[in-house]
Amino acid sequence: MIPLAEMLLDWYARHGRHDLPWRQTRDSYRLWLAEIMLQQTQVDSVKPYYGRFLEVLPNWQALAEAPLDQVLALWSGLGYYARARNAQRAAQEVVTRHAGHFPDTLDAAITLPGVGRSTAAAVLASAFGQKHAILDANARRVLIRSHAIDADPRATATQHRLWSLASALTPHDAHSYNQAIQDLGAMICTPRQPRCRACPLAGLCMARAQGRSHDLPVARVKAAKPERCVCFLLARDADGRVLLEKRPETGIWGGLWCLPEAAPGGGEHPVLCPDAAYPLQDTSVLRQSLRAVWARRLALHLELTMLEEEQRHAFTHFQLRFRCVHARVLGGAVADSAVPLRWHDPAEALAQGLPTPMRRILERMVKAADSSRVTRLIPRRRVRVI
DNA sequence: GACTCGTGGAA
DNA sequence: TTTCCAAGAGT
């Protein structure tokens, strides 16, 4: 065995994170689900979602047959929602095309939606004991530092080099090795402030020998984050229900329930609209624009009552600035629309698949309603119409 | 190749 | 406060 692999396996046996939930099983479904949830997502974020998901949908069959809304509700807050949609499609393929068994070759596994080379390799190594190398962010960082690779990690040529390096180093016990290199990347060879003194590879690490541990991998060129501005409608009907719309299946927050949007610049879905930077100051122009957009789309007689303070939500490639606009419904009915619109009781809404900012808004609203119930003895002040 | 796709933690 | 980036894959 190559010394690097031997050192890693020895270190892993003594210091690895053997207690992670997905390391208590060799079941392909559970291993695959963990790999999907862990894509671009840190371990601590995944843990609560993983247990809940498996409790409700414990096998391929259950996931394949579940309503997509239920899958998205279980994913709500975890982000990258295409993973949830692809996961269900993959489960359906496993059931229909593979007789309920995860494919046992790399090429077949990669054809599943949401399963790339690294994910397929991880599942096949752990579920079936096959020898396949992974190349995730942890493994990539460890290889780049140990071999002092100062080329751009995102360049195709570097990717090829890293994959062949990963394959060459991976020993027969790929199951243990894959987890070992991930744990080293997560616990010792961290992105910032690597703990080189505790590293089992310190003796052969070229970056350390060259005093460049902190400088590798080379930083990516940062692109300026554009802003998008939008108002979300918090409309309540006479029963206190709130209006939600189901977003299109593709794009930001695809398939999730969301407060209706509007932007002064118009557009069906401003959140999806690049360069949608509009002023959000509380002006009569803004209020008229919002009323016009929502009147046209929703066919409701709305009375705007309040604009909340501006909030922000950061995405990977842009920053969202938004304000919540409170409104009472005086009349009209939700229009027939290509986009499903539905009135939800607040508690029921929180059980749906919601993006995190929507969940926060609705939770705050429910909390406010609870506290106002306590003080209901005091007559509610008349709401100012704006 | 260059974009697109979420969210939370750490510094 | 802002910045960075994670157990990547799809288009």
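## Salt bridges

This predicted model holds 18 salt bridges. One of them joins Arg-23 to Asp-183, with the closest N and O atoms 2.8 Å apart. Arg-23 sits in the loop between α1 (3-15) and α2 (28-38), while Asp-183 belongs to helix α11 (residues 174-187), so the pair ties together parts that are 160 residues apart in sequence. Arg-23 and Asp-183 are both buried.

Asp-152 and Arg-154 form another salt bridge, at 3.2 Å from N to O. Here the surroundings are more open to view. Asp-152 is partly exposed, at 37% relative accessibility. Arg-154 is partly exposed too, at 40%.

## A salt bridge between strands

Glu-303 and Arg-328 meet through their side chains in a salt bridge of 2.3 Å, N to O. Glu-303 lies in strand β5 and Arg-328 in strand β7, so this pair links parts that are 25 residues apart in sequence. Which of the two is buried, and which partly exposed? Glu-303 is buried, with a relative accessible area of 14%. Arg-328 is partly exposed, at 37%.

Shared partners also build a network: salt bridges join Glu-227, Glu-310, Arg-312 and Arg-321.

## Strand pairing around β7

Strand β7 (residues 319-332) pairs with strand β1 (residues 227-236) in the parallel sense, over 10 bridges. Within this pairing, Arg-228 has Leu-320 of β7 as its bridge partner.

Strand β5 (residues 300-307) pairs with β7 in the antiparallel sense, over 7 bridges. Leu-302 stands opposite Val-329 of β7. β6 also runs antiparallel to β7, over 4 bridges. Ala-314 faces Gln-319 there. β6 and β7 make a hairpin, with 4 residues between them.

## Contacts with DNA strand B

DNA strand B is surrounded by 22 residues, and the closest are Tyr-81, Thr-156, Trp-253, Ala-314 and Thr-316. Of the strand B atoms that come within 4 Å of the protein, 59% belong to sugar and phosphate. By class, the surface near the strand has 9 nonpolar, 11 polar and 2 charged residues. β6 (311-314) and α15 (356-374) each supply at least two residues of this surface. α15 gives the most, with 3 residues.

Polar contacts reach base, sugar or linking oxygen, and phosphate. An N or O atom in the side chain of Thr-41 is 3.0 Å from a base nitrogen of DNA strand B. A backbone N or O atom of Tyr-80 lies 3.0 Å from a sugar or linking oxygen of the strand. A polar side-chain atom of Arg-360 lies 3.0 Å from a phosphate oxygen of DNA strand B.

Key
Residues numbered from 1 in each chain as written. Chains lettered and ligands numbered in written order. Predicted model: local features only at pLDDT ≥ 70, side-chain atom pairs only at ≥ 80, totals over all residues. Heavy atoms only, no water. Near = heavy atom within 4 Å. Polar contact = N/O pair within 3.5 Å; in protein donor to acceptor, adjacent residues only side chain to side chain. Nonpolar A, V, L, I, M, F, W, Y, C, P; charged D, E, K, R; others polar. Pairing = 2+ DSSP bridges. Salt bridge = Lys/Arg side-chain N within 4 Å of Asp/Glu carboxyl O. Buried < 20%, exposed > 50% of the residue type's maximum accessible area, 1.4 Å probe, protein only.
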